[in-house]
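Good morning, everyone. Please take a moment with the sequence and the structure before I start.

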Amino acid sequence: MITRLLVANRGEIARRVFRTCRSLGISTVAVFSDPDAGAPHVTEADLAVRLPGARPADTYLDVERVLAACRASGADAVHPGYGFLSENADFARAVLAAGLVWVGPPPEAIAAMGAKVGAKRLMAEAGVPVLPSLDLSDPGEFPLLVKASAGGGGRGMRVVRGPGELAREVESARREAETAFGDGTVFAEPLLEGARHVEVQVLADRHGAVWALGERECSVQRRHQKVVEECPSPGISDGTRSVLYDAAVRAARKIGYVGAGTVEFLVKGERVAFLEMNTRLQVEHPVTELVHGVDLVRLQLEVAEGAALPPDPPAPAGWAVEARLYAEDGEHLPQTGVLRRFEIPGDVRVDSGVESGSVVSPHYDAMLAKIVAHGSTRAEAVRKLVTALRRAKLHGLTTNRDLLLKILTNRDFMAGDTHTGFLDPGGPIRSVPETGPEAPDELAVLAAALATAAANRRRAQVLSGLPAGWRNVRSQPRVACFVEAEVVYDPLPDGVSVVSAEPYAVVLERDGVRRTFEVASYPDGKVHVDHAEGRAELTPVPRLPEPAEHLAPGSLLAPMPGSVLRVEVEPGDRVTRGQAVLVLEAMKMEHRITAPADGVVSGVHVEKGQQVDAGAVLAIIQEGDR
């Protein structure tokens with residue numbers, strides 16, 4: 001029987017496992033890197049052990065230090081979560097060799113599925129439909145997909161549409177795979193465009209039972225990383241569903257699987273093709289839990305203790321939809337810094353690795369939370385999720401909330417008509433906006449101005465009872481200026497009256513309708529306004545601005561902290577719009593910095609291997625001729 005469990009992971013999955021452990025009376029142990037010392041998963045655990053390491057990104061990959069943490073804390077079991085060491089067969093063997101309970105599949109099963117080239121061969125032997133593998137030196141057909149053999153999550157994956165791109169994209173995929181998984185092996189398959197990405201949750205015990213516990217639709221992806229998932233899939237027939245379930249059970253039995261895992265497929269019409277098997281709990285497992293009424297972590301723990309599964313899995317009920325909330329800007333570049341406020345209301349489940357005040361570092365994945373809604377119908381679940389996202393208070397970091405709302409309210413999505421190219425250029429949704437952010441709502445700006453004025457009066461040392469800006473004879477309107485908009489708040493706009501105005505809340509009435517605005521101001525000067533119909537983030541214009549640092553025209557700035565992976569130009573080189581100038585590595589992914597226009601490289605300010613901060617000048621492109 002498990003009495004003390006160490007989770008060899010961080011963030012929301014560590015908190016998720018701890019939640020089930022608390023309900024079962026199992027003591028918990030967290031491990032943490034130095035940047036995570038104050039993270040919620042550390043403070044929630046019964047015990048916590050620091051994992052020293054020179055590079056924070058590698059800390060959770062150190063097998064010996066994780067095992068030392070088990071010894072130091074007295075843990076008798078290890079749950080790997082997902083990512084990091086979760087699909088490392090050597091880690092599983094080391095845990096078992098140390099006399100600990102491994103909450104995962106047998107090491108042999110992990111190894112069998114860990115190298116995807118060999119995994120495809122095994123699946124073909126088991127009668128599972130697979131796509132052919134292509135020769136990387138001469139594939140013979142395009143478009144194709146280059147994939148990392150040792151991992152998933154979109155890392156080490158590249159679409160190649162012609163022979164001119166092949167060598168560059170293969171090398172890029174290899175580098176990214178080596179960084180993320182410690183193995184740069186890649187392979188290629190035909191790109192099945194317009195297909196759905198559908199996966200089957202499997203669960204097996206040591207007594208021969210194997211469940212196919214429903215399917216999940218994971219087609220809405222960006223850069224091969226899932227963004228929105230749901231259970232069940234809205235777009236497959238009962239016949240295709242049966243084929244998927246049968247193939248998933250065959251896959252699990254072929255490798256002697258035990259525990260929770262996921263078998264992933266591409267589905268186009270009635271055609272089904274095996275993608276990979278993830279020998280761990282998936283990020284999107286909550287949708288299965290809500291629809292089938294199970295706790296997958298509890299089942300993992302019970303199977304690890306030797307329990308037998310019931311003969312049949314529980315029947316599904318209703319629909320569940322999950323949205324992954326990321327800290328990223330409009331160009332989908334990861335954001336770092338302080339998440340000043342994190343509140344998500346409504347009838348939804350929130351699995352998060354952060355809370356108000358958390359610091360999002362550049363060392364790890366930028367996902368803040370998974371927001372999951374369940375309803376008796378798909379429409380009900382989607383409506384609940386949309387409402388929760390719209391009313392969420394997310395201050396301090398830019399997120400992908402707007403993109404999630406565009407997806408969830410899109411006509412094609414509502415019809416269940418999704419595929420893996422849903423967010424690609426030319427698809428039904430532009431994941432990168434063509435224009436800048438929309439102008440903030442006029443009443444939201446007015447509320448910010450009134451709340452700011454109320455706060456100023458509350459801080460006043462003398463005559464605090466007088467209205468802000470009071471004059472015997474008014475000479476001009478009172479105007480609040482923000483970078484995003486300006487508003488006259490005295491006199492009020494026609495048809496608008498103030499019901500109440502406090503530093504943190506303003507109630508306005510216009511044309512007989514009252515609206516409440518919550519207002520929050522932060523030390524960085526930002527003012528956030530949240531209301532039932534939206535939100536605004538405003539930056540007050542200072543009366544006496546500090547002198548701004550002068551940047552040379554054409555300066556390329558680092559969009560995030562990171563390491564310079566390579567520099568692809570030299571001073572004097574001519575470049576064209578969109579051409580790669582250099583590549584940054586951040587959060588274990590490569591980010592190309594491209595030329596904004598045709599021109600000449602007049603300066604390169606960094607070199608390979610250099611660490612840079614967000615906003616650092618990387619290079620300068622002089623538009624036009626020299």
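Let's begin with threonine 594. This residue sits in strand β32, which covers residues 589-594. Keep in mind that we are looking at a predicted model. Is threonine 594 buried or partly exposed? Its relative accessibility is 33%, so threonine 594 counts as partly exposed. What does threonine 594 touch, once neighbours within four places in sequence are set aside? The contacts are Leu556, Gly578, Gln579, Ala580 and Val581. One distance, too. Valine 583 is 11 residues from threonine 594 in sequence, and the two C-alpha atoms are 8.7 Å apart in space.

Now to glutamine 201. Its place is strand β9, residues 196-204. Glutamine 201 has 0% relative accessibility, so it counts as buried. Leave out residues up to four places away in sequence, and its contacts include Trp211, Leu213, Arg216, Thr262 and Leu296. Ala260, Gly261 and Thr288 are also among them.

Next, the start of the chain. Strand β1 spans residues 4-7 and pairs with β2 in the parallel sense, over four bridges. Which residue of β2 is the bridge partner of arginine 4? That is serine 27. Between the two strands, the chain runs from β1 through helix α1, residues 11-24, and on to β2. This β-α-β crossover is right-handed.

Stay with β2, residues 27-32. Six of its six residues are buried, leaving the strand mostly covered. Ser27, Val29 and Val31 point one way. Thr28, Ala30 and Phe32 point the other way. β2 has another partner: strand β3, residues 47-50, again parallel and over four bridges. There, phenylalanine 32 has arginine 50 of β3 as its bridge partner.

On to a helix, α13, residues 401-408. Why do we call α13 largely enclosed by the rest of the structure? Because six of its eight residues are buried. Those are Arg401, Leu403, Leu404, Leu405, Ile407 and Leu408.

Last topic: cysteines. How many disulfides does a search of the whole structure find? Zero. Take cysteine 21. The closest cysteine sulfur belongs to cysteine 70, and it lies 13 Å from the sulfur of cysteine 21. A disulfide needs the two sulfur atoms within 2.5 Å. So that pair is too far apart for a bond. Cysteine 21 is also buried, at 0% relative accessibility. Cysteine 481, by contrast, is partly exposed, with a relative accessible area of 35%.

That's my tour. Thank you.

Technical notes. Residues are numbered from 1 along each chain as its sequence is written. This is a predicted model: local features need pLDDT of at least 70, side-chain atom pairs count only at pLDDT 80 or more; totals for chains, interfaces and linings use all residues. Side-chain values use heavy atoms; hydrogens and water are left out. Buried means under 20% relative accessible area, exposed over 50%, partly exposed in between (1.4 Å probe, protein chains only). Contact means heavy atoms within 4.5 Å. Two strands pair if DSSP finds at least two bridges between them. A crossover is right-handed if, with the strands pointing away from the viewer, the path from the first strand over the helix to the second runs clockwise.
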